[in-house]
Amino acid sequence: LSQTVEHGFPHQPSALGYSPFLRLMAIGTRSGAIKLYGAPGVEFMGLHEENNTVMQIHFIPDQCQLVTLLDDNSLHLWSLKQHGGASELREEHRFTLKGPPGSPPSATQITAVLPHSSREVLYLGTESGNIFVVEVPSLRVLEERSIPSEAVLQQVPEDNCNRRACELVEALREHPKNPDQILIGYSRGLIVLWDLQNNKVTHHFLGSQQLENLYWQRDGSKFISCHYDGSYTQWPVSSDNRQPEPLENTVPYGPFPCKAISKIYWQTTKNGLPYIIFQGGMPRASYGDRHSISVIHGSQQTAFDFTSRVIDFFLIFSSGPAAEFDDPSAMVVLAEEELVVIDLKTAGWPAVHPPYLASLHCSAITCSHHVSNIPLKLWERIISAGSKQNIHYSSMPWPIDGGTNIAPDPPQRDLLLTGHEDGTVRFWDASGVCLHLLYKLSTVRVFLTDADPNDNMNTLGEDEWPPLRKVGTFDPYSDDPRLGIQKIYLCKYSGYLAVAGTAGQVLVMELNDEDAEHVVDHAEADLLQDQEGYRWKGHEKLKTRDGPVRFEAGFQPFVLVQCQPPAVVTSLALHSEWKLVAFGTSHGFGLFDHQQKRLVFVKCTLHPSDQLALEGPLSRVKSLKKSLRQSFRRIRRSRVSSRKRRGGGNASEVQEANAKFDQDALQEMELAPVQRKIEARSAEDSFTGFVRTLYFADTFLRDSSRHCPSLWAGTNGGTVYAFCLRVPPAERRMDEPVRAEQAKEIQLMHRAPVVGILVLDGRSTPLPEPLEVAHDLSKSPDMQGSHQLLVVSEEQFKVFTLPKVSSKLKLKLTALEGCRVRKVTVANFGSCKTDDYSENDLAVLTNLGDIQIISLPFLKLQIRYPCIRKEDVSGIASCVFTKYGQGFYLISPSEFERFSLSTKWLVEPRCIVDVPEVTSNNHVHNKSGVENAARKSSSGDYGEDERKSGRLMEHALLNDEKVLKEIQSTLEGGR
Amino acid sequence: QFGAEFRRFSLDRYKPGKFEDFYKLILHIHHIANLEVMIGYADVHGDLLPINNDDNFFKAVSSAHPLLRVFIQRQDEVDYSNFGTNTLSRKKKALVTLRNDNLRRRPHINISMPHDFRPVSSIIDVDILPETHRRVRLYRHGCEKPLGFYIRDGTSVRVTPHGLEKVPGIFISRMVPGGLAESTGLLAVNDEVLEVNGIEVAGKTLDQVTDMMIANSHNLIITVKPANQRNNIIRSSRMSGSSGQSTDSTASHHSLPTSHVLQNFHPDEMESDEEADIVIEGGLEPQHIPKLHSLTSSSLSRINGSSLSHRLQRDLVLNNSSGRESNGNIHKLLSSLKTDPRHSLVIPRGGIEEDGTVITL
């Protein structure tokens, strides 16, 4: 087992860094991880042993090195080194600044870090106002070179400041033209320009406001300071005035009190109009809660309004370091929940669609589904549907393009589908290292929700001030939790997609390349069949829209099956060849013919003694989650909508009941020691009717001479139902109804929940997927030999003969190991040595978080790996296996970890970051390392780019003497 | 009249017939048709043994030489202690007791005949276990009582090559009053659980052990180190000890009266869960509802839980899948293949309410 790569957006990012030299971006997190990103596919990850929050990240200029500052005040030096043909990120040194004995910790608490362009030293500003100098890469303090605050104070006229003026170094900035001068900003407002050669203050600037940050203009003639009161100030630097007055002092969102401007850029352009870009500064009273970055360019001004707190941002210049102007091309903003890149070159400043770091959790993930080996046709159609949704994105190529991806092209096209709480399904390209959003499907249009489409924070008029513009996609607040997607099933051959949700809705969709307006057929499946005495106290079903609905190109629903009662759909299966969809809830299951749009049958699985179960412990667990969600929505309501919501009496009752449950639960927790009840499972246990799995198979259900289509269902109470189906032949498919008859009912004696059902053919191979044989992608199943039925419960694996259903083999898991099956799938393992050998095994994830491989059909445990921490319940619940022995699970709400059990299929980042030869002149360097970012993307999204960068690559290779020499030497060696 | 009534009658030694018929015959001969009586006989050793089923009836008849002495007693006056071994020496006395039933010194606790017993628990493997340990088997099958105990984490002290060492262990934390575990008297709070069905629990978490116990609950065998070591088995041979191998066949002598000892426990018995899963086959044609007969109550309850109407209204063919001898009467019932569960599900009015919360597993 190897855990290969983390997809998605890092959980709780805390720091951002960028190297214009390497064109790599670094993100640090609160758990001490550091992740580097360049061109798509170029990724590195490191983890600080301390697991402390990363506070700051600074690249050493023109080096493959960076330093990180953690919240325990330790400095860490990391470097990218080539090893075995690929670059690796390694921690080289660590260092904690120590003051003289007896000094307070604040004396050495680092607040600002300046890696000097000489690449030899770091300047460290501290809380005490002193500045320490450490050597790179040894991280040794050079005491003789430190700049104590006393030395600075002596040289500042005493009437202008008191002793406290030098508390806390807020910013350290090197002069852009003269590496011997650094600008020191103290938090009380004093700014001095310090000459490193002569150890003296050449200029001092007296700001009246508490300082937040500093920024040099490119030519070094001016700098700009930003302040706590929301103002920024320009200061001239010239040789004739040692104590200049500010040129300009502005409060951009005044005159009322404003929030601090915490970071500012002043960018020059060829056309003369500068870009002024700053973070914060919003009017305190009315917009103090916004997370904004404002961009001012001439008369254009936009305050980008982010969905979460801005951690940090940086600009990317299209010009080289030696150019006369900055000419910013893009702004990269790291917010707490997503990465946003703004194209500053294109009018309107559109956002750039990131190829990685996708915010998987922009609405909470409720389920996931993986489909391997997508046919090219379907792949292209999904991409084309997705590209129509992305027209508002900039066409700019991804600006962070350092490093070279040398990983082999992914062997096949894989889709990962994630269902979300807001009723959307996102289609991700999961073929390679970059999990990339291809297409987003929303089921919301089918329903009438009380979310007002005009209830949009973006709809601000032309003359609104400040000119806020919402950017980003993170929106965790669902308007209606009933919209949540619970189950997804995609047939990759036919393009049929079935999606089922929280309120018992099952939608069957078809891929349409054009947008269209049509009516969605509607059917009800009453799983209780008007049971008397049964009262559903849960949510109502979703209201549907009457009349035709307009759907955009992509997957368009054509039929909606509504389960009654509208309980969450717990299992779903689609058979695209028979045109049938099966669905199950905690009450029963049903079969729907989506060709004739007719309900074939329903089967109630409720047990009469389930009464207690229905309000059993599960609902208690759930209600806690529910109340959490409710409080979230309360926050949103207070934040967003001023519309009144009518709170029904029912809702308040529910809340009351929840409160009571929570209280009970708390009490129970407090009183009882950690102990577990030992009790046999009985038929009266809770939720026995809960349908856990549904499976279609063409097999021998009745007798061993005739096989027929069948539907299998497994429940939480260890019951398996088998229905014999009669599907009319294709030519009469519309004329004759599909018929179903119950053929078998199997009650497992151990009564554990059935989590998987599988039929093995005469060669003991699992039956192929529908249409797989029709597309020549699978051998047709062996219908000569006798079939076997594999029933996987949480506790046992059992093989039965068919059609007689007598027990043949079993593997008891729980009775021996105490672990339970959480996820199970058939995985095909290819040999990494020969192409023609592969075998099918069961990949099993248990509640202890370990993964076991169990052979088919003999049920022998082959191997076991620990994978997920057993405490990580949501990680275990989120796990999906692929058909070829890989898998994904959530390590945080926003990140999937990819793992591989297969020796053959391994998707992991493999990339090179070149170390360009650095000449003595800092500002001139070999640019080949920067630009040879050859993109290898299977998606074809970057087609044009690929060609361009491909050429660049060629160019770079031919121009690089080292590479040529290497090629030569290999050629010679070959001879 | 019970004081002394003697009858003599004959039976076919080789075809004695059924116990039921014999019982009726006895009642008829003595004109006591509406009395509950207990029938006993004196075997070759003179022991008084009961006749209460076909087997022991057959045994009694075949062992008669040539006369079979049969004792009939009113059910509620039976002194059960008279049955079994050593009644030889007390036979006379027993007969006296029969005649003078009013003179019984103390009222006996009225427990039913072994015929009505089901084993609920046993101590097993006494010969191979160290004396400080106890292996208890709980027979959950066919018993309506809950298992009824709780386990918790704790620490125990082990002797290791490095001296005493504290190691985590699993302990019984609570007994449910009236539960099976409590009623056996073999398990107690603070007993350390060492093994579950032969698998050591060392290194396993509380939840794992819980799941193991539940998965084995129908035939749970737990090895414990009792907190109270005073009730341990005392062996006459000291050979056992740490080797765990005892050749002492008299080791079954112990001081716990409510349990019986099962030596040389057969591994097949452990697998009592090899009982087959129940497979119900739906007929092709809807069938008329046949009469329900000779379905054992236990299998019925397994299929259908409690609702009789539920099972009556479906046609089902009950088949034993493991090839265990199929009961001559094929249990045809249920499932008329109607997909309409209205008939199959009767829920009491106002019975079920659901608050419809979402469960994601």
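1. A disulfide is taken here as a pair of cysteine sulfur atoms within 2.5 Å. By that test, a search of the whole structure, which is a predicted model, finds zero disulfides over all chains.

2. Two cysteines of chain A deserve a look. A:Cys867 takes part in no disulfide, and its nearest cysteine sulfur belongs to A:Cys879, 6.5 Å away. Seen from the other side, the closest cysteine sulfur to that of A:Cys879 is in A:Cys867, and 6.5 Å is too far for a bond. The cut-off is within 2.5 Å, so the pair does not count as a disulfide.

3. Are these two cysteines buried or exposed? A:Cys867 has a relative accessible area of 13% and is buried. A:Cys879 is buried too, at 2% relative accessibility. Both values fall in the buried class because that class is set at under 20%.

4. Also in chain A, A:Ser831 sits in a loop. The loop runs between β58 (821-830) and β59 (838-846) of chain A. Despite the loop setting, A:Ser831 is buried, with a relative accessible area of 17%. Which residues does A:Ser831 touch, leaving aside those up to four places away in sequence? They are A:Tyr837 and A:Lys904.

5. Now chain B. Its division gives domain 1 (2-80) and domain 2 (119-229). The centres of domain 1 and domain 2 of chain B, taken over C-alpha atoms, are 44 Å apart.

6. Chain B has an open sheet of three strands. The order is β2-β1-β3, and the pairing is antiparallel. β2 (48-51) and β3 (70-74) of chain B are the edge strands; each has a single partner strand, so one side of each lacks a neighbour in the sheet. From one strand to the next, the twist averages 35 degrees.

7. Strand β1 (residues 37-42) of chain B pairs with β2(B). The sense is antiparallel, and four bridges join the two strands. Which residue of β2(B) stands opposite B:Gly40? That residue is B:Pro50.

8. A helix goes with this sheet. Helix α1 (residues 19-30) of chain B lies across β1, β2 and β3 of chain B. Its direction is about 105 degrees to β1(B).

9. To recap the main points. In chain A, A:Cys867 and A:Cys879 are both buried, yet their sulfurs are 6.5 Å apart, too far for a bond. In chain B, the antiparallel sheet is open, with the order β2-β1-β3, and α1 lies across its strands.

Key. Residues numbered from 1 in each chain as written. Chains lettered and ligands numbered in written order. Predicted model: local features only at pLDDT ≥ 70, side-chain atom pairs only at ≥ 80, totals over all residues. Heavy atoms only, no water. Domains from an automatic or database assignment. Pairing = 2+ DSSP bridges. Axes fitted to C-alpha atoms, helices over the stretch in contact; angles between N-to-C directions. Contact = heavy atoms within 4.5 Å. Buried < 20%, exposed > 50% of the residue type's maximum accessible area, 1.4 Å probe, protein only.
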